[in-house]
Amino acid sequence: MNTIYPYAGFWKRAFAFLIDGIILSIPMALFGFLVIGSQVMSIVKLASSAMEPSPDMLLPVFGKWMLGIIAVWVFNVILLWLYHAIMESGKHQATFGKMALGIKVVGANGQRISFARATGRTFGKFISHMILYFGDYMAGFTKHRQALHDLMATTYVVDKNYQEGQELPSLRFSTGGLIASILVALAPVVLYIGSIVLAMTLAISDLKGDSDMQDLWKELSKTTAQDPELATLLNDSKRDLYLSSAQVEINRLVRSHTILNAPLEKEGITYSQSLEGYKAGFKDPNGNEYEVLQRPGDTLICCLKGPGGKCSDSKYLYKPCDAPDED
């Protein structure tokens with residue numbers, strides 16, 4: 001044994017933690033599969049039944065599903081507790097992961113800890129994990145290379161050859177280890193904020209792209225002002241573009257079961273909802289007003305509104321939006 005440095009290195013502890021995680025994941029996965037799998041089967045059975053599911057039928061299924069999740073959580077907590085507390089207070093003073101790396105847990109005087117102290121140390125790990133695992137990283141820079149749960153339980157992780165009564169020296173506080181631990185702990189937060197910033201940047205780019213497209217249409221309109229045939233082609237293209245956008249958005253609203261309590265305007269198209277279904281209205285460059293309607297359980301239909309705001313033009317009166325124009 002090294003009498004100068006008896007403490008387990010940070011990376012030994014990290015790999016021991018990884019090995020224990022793999023070992024514990026097997027019974028956790030099996031229990032979760034049995035409990036949650038049975039709940040999934042009951043939901044599939046209900047969905048495949050001839051009867052239409054009602055709230056009275058779904059409520060017990062939902063209750064069982066929540067009980068199943070709670071049962072899995074309780075099983076995992078109890079398993080973690082007994083595994084660590086029994087083994088770290090036992091003969092080897094170590095879990096299988098720690099034994100594989102040649103390290104063990106001792107008390108303030110280097111003695112084997114009690115089951116009660118091992119229990120406190122185990123539940124202290126939940127706090128170490130909750131603060132972005134910073135409590136675990138503390139083992140890399142504290143004077144006795146203790147993690148937060150070691151400080152809470154007054155325990156030490158040392159080499160397996162360490163003997164009770166031998167010195168547990170106070171080492172130099174590692175400032176570099178502290179800085180590295182803070183950076184690693186904050187990395188998930190930085191990545192999360194970065195993903196939000198990236199999403200906002202892309203959204204702004206999309207909005208700018210829409211603005212650029214509108215500017216392009218304005219320039220084309222100026223160019224074709226003296227060419228009636230080109231102007232007609234441009235207007236038809238813009239109408240088709242509006243129709244396609246309206247179809248895509250209405251399909252999204254239908255799939256997501258979105259309720260529109262008030263009209264929604266998006267990219268020059270106004271969306272609304274009534275007893276008839278979802279509607280999308282827009283005007284083409286010539287001022288003609290169009291309406292796209294999705295009835296419940298029906299196909300999309302389009303129409304060209306007349307002076308009275310009614311769908312009166314026979315060319316677009318209640319026909320599928322993708323149907324060809326009549327000559």
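This talk walks through one predicted model, from overall counts to cores, a helix, a loop residue and a surface patch.

Ground rules first. The model is predicted, so local features need pLDDT of at least 70 and side-chain atom pairs count only at pLDDT 80 or more, while totals for chains, interfaces and linings use all residues. Residues are numbered from 1 along each chain as its sequence is written, and side-chain values use heavy atoms, with hydrogens and water left out.

Overall picture. The protein has eight helices and eight strands. Those are DSSP runs, numbered from the N terminus: helices are H or I with at least four residues, strands are E with at least two. There are 327 residues, and 33% count as buried. Buried means under 20% relative accessible area, exposed over 50%, partly exposed in between, with a 1.4 Å probe and protein chains only.

Now the largest nonpolar core. A nonpolar core is a set of buried Ala, Val, Leu, Ile, Met, Phe, Trp, Tyr and Cys residues joined through side-chain atoms within 4.5 Å. This one has 13 residues, and those touching the most other members are Ala 246, Ile 250, Ile 269, Tyr 271, Ala 280, Phe 282 and Val 292. At least two residues of this core come from each of helix H8 (228–256), strand E4 (269–274), strand E5 (277–283) and strand E6 (289–294). H8 gives the largest share, five residues. Take Ala 246. Beyond residues up to four places away in sequence, Ala 246 touches Ile 269, Tyr 271, Ala 280 and Val 292. Contact here means heavy atoms within 4.5 Å. A second, separate core has eight residues, including Ala 8, Ala 85, Ile 113 and Ala 118.

Ala 118 brings us to H4, where it is buried, as are Thr 119, Arg 121, Thr 122, Gly 124, Lys 125 and Ser 128. Just after H4, Leu 132 takes a positive phi of about 60°.

Next, a loop. Gln 93 sits between helix H2 (55–88) and helix H3 (96–101). Buried or exposed? Gln 93 counts as buried, because its relative accessibility is 11%. Outside its neighbours within four places in sequence, its contacts are Met 87, Glu 88, Lys 104, Val 105, Val 106, Gln 111 and Arg 112.

Last, the outside. The accessible surface comes to about 20,300 Å², with 66% belonging to carbon and sulfur atoms. Areas come from the Shrake-Rupley method with a 1.4 Å probe; for residues, only the protein chains shown count as cover.
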